[in-house]
Amino acid sequence: MEFIKKEKKRILVLGLIMVLQLIAASCFCVRKQGFHYDEYYSYYSSNSTYGLVPTDREWKEGAEIRSEFVVEEGEGFQYGKVKLMQSYDVHPPLYYMLLHTVCSLFPGTFTKWTGLGLNLFFFAIAYLLLALIARKLSGGSLLLTLSACLLFGFQPGVISGITFIRMYMLLTVWCMAVVLWHILRFEKELFLTPGAAAGLMVLVFLGFLTHYYFAVFLFFAAAFTCLWLWWGKKQLKTALYYAITVCTGMGLAVLYYPSCLGHIFRGYRGTE
């Protein structure tokens with residue numbers, strides 16, 4: 001009974017902190033005025049009616065411009081068009097598909113709250129993942145877990161990530177999910193069951209389709225894990241199984257979105 005009471009107290013306190021951080025972030029969202037160029041592009045790339053129509057010094061009616069930023073009636077949930085639009089740019093399509101989904105629920109409406117609401121939702125998921133990570137790494141210490149969560153949600157970088165209508169809060173979710181997956185596997189000395197392997201493949205697939213920088217993060221995490229298994233634990237077969245799992249997730253993402261190869265190896269962002 002004492003353990004249950006402590007768990008309820010822990011959950012209550014962590015929940016209260018998350019609510020306070022969501023309120024604080026929402027206050028900044030309310031005060032947000034105007035959009036960064038990339039934020040406009042988030043809506044354009046997600047909801048464009050006519051596809052890529054580049055214009056230079058040509059007059060366009062306001063209604064025509066508006067139609068490029070909202071989901072018109074009967075044009076919702078067209079994920080193929082979102083994927084096509086992103087193939088013209090330098091980013092993978094998952095975030096834009098999710099933003100398109102939210103905008104499809106409010107056809108004809110252009111508001112900052114479709115993007116901000118989505119980011120607030122991603123923040124809540126990231127917060128819960130961080131709480132689990134901090135608890136595992138601290139050995140169950142409530143003080144250290146609370147400290148990590150407090151520092152996370154009130155820092156300017158995270159507030160900026162919430163109020164900037166781009167894919168970075170979603171990227172944070174996948175990175176934290178991968179960290180938690182590895183912590184849970186390390187506890188069991190990375191005993192890879194089929195279910196655990198499938199879970200990792202899904203995380204790799206979704207993370208890479210959110211932002212290509214995820215591949216940089218994943219490379220170092222996977223390289224360390226393979227080295228630890230092979231050199232530290234002398235488990236070469238497990239290391240190979242793990243490497244194949246990661247590579248399969250990446251391979252499936254490339255097969256689903258082959259435009260990524262051009263973005264990475266030929267696009268201006270990849271060149272940078």
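Trainee: What share of the 272 residues in the chain do buried residues make up?

Mentor: Buried residues account for 43% of them. Keep in mind that this is a predicted model.

Trainee: And what makes a residue such as Cys175 count as buried?

Mentor: The cut-off for buried is under 20% relative accessible area. Cys175 has 16% relative accessibility, so it counts as buried.

Trainee: Then why is Cys226 called partly exposed?

Mentor: Partly exposed runs between the 20% and 50% limits. Cys226 comes in at 21% relative accessibility, so partly exposed is the label it gets.

Trainee: What about Leu255, why is that one called exposed?

Mentor: Exposed needs over 50%, and Leu255 has 68% relative accessibility, so it counts as exposed. You'll find Leu255 in helix H12, residues 236-256. From Leu255 to Arg135 it's 37 Å in space, C-alpha to C-alpha, with the two positions 120 residues apart in sequence.

Trainee: Back to the cysteines. How do you know that Cys175 has no bond to the closest cysteine sulfur?

Mentor: A disulfide needs the two sulfur atoms within 2.5 Å. For Cys175 the closest cysteine sulfur is in Cys260, 17 Å away, so that's too far for a bond.

Trainee: And why is there no bond for Cys226?

Mentor: Cys247 holds the closest cysteine sulfur, but at 8.1 Å from the sulfur of Cys226 it is too far, so no bond there either. The disulfide count for the model is zero.

Trainee: Okay, rings. How many aromatic pairs are there?

Mentor: The count is 20 aromatic pairs. One of them is Phe123 with Tyr127, a tilted pair.

Trainee: What makes that pair of Phe123 and Tyr127 tilted?

Mentor: Two numbers: 6.3 Å centre to centre and 45° between the planes. A pair needs centres within 6.5 Å, and stacked means under 30 degrees while edge-to-face means over 60, so 45° lands in the tilted class. Both residues sit in helix H6, residues 112-137, and being four residues apart they are separated by about one helical turn. Phe123 and Tyr127 are both buried.

Trainee: Why is the pair of Phe186 and Trp228 called edge-to-face, then?

Mentor: Their ring centres are 4.7 Å apart and the planes stand at 85°, so edge-to-face is the right name. Phe186 belongs to helix H9 (residues 168-187) and Trp228 to helix H11 (residues 213-232), so this pair ties together parts that are 42 residues apart in sequence. As for accessibility, Phe186 is partly exposed at 27%, and Trp228 is partly exposed at 24%.

Trainee: Which residues form one aromatic cluster?

Mentor: That cluster is made up of Phe35, Tyr40, Tyr41, Tyr43, Tyr44, Phe69 and Phe110.

Trainee: What makes you say the charged end of Lys83 sits over the ring of Tyr256?

Mentor: On distance, the limit is 6 Å from the ring centre, and the charged end of Lys83 is 3.9 Å from the centre of the Tyr256 ring. Lys234 lies over the face of Trp231 too, at 5.1 Å from the ring centre.

Trainee: Last one: how many helices and strands does the chain have?

Mentor: There are 14 helices and zero strands. The C-alpha trace spans about 65 × 45 × 35 Å along its principal axes. Of the contacts between residues at least 6 apart in sequence, 75% join residues at least 24 apart.

How values were computed: Residues numbered from 1 in each chain as written. Predicted model: local features only at pLDDT ≥ 70, side-chain atom pairs only at ≥ 80, totals over all residues. Heavy atoms only, no water. Buried < 20%, exposed > 50% of the residue type's maximum accessible area, 1.4 Å probe, protein only. Phe/Tyr/Trp six-rings, centres within 6.5 Å; stacked < 30°, edge-to-face > 60°. Helix = DSSP H or I, 4+ residues; strand = E, 2+ residues; numbered from the N terminus. Lys NZ or Arg CZ within 6 Å of the ring centre and 35° of its normal. Contact = heavy atoms within 4.5 Å.
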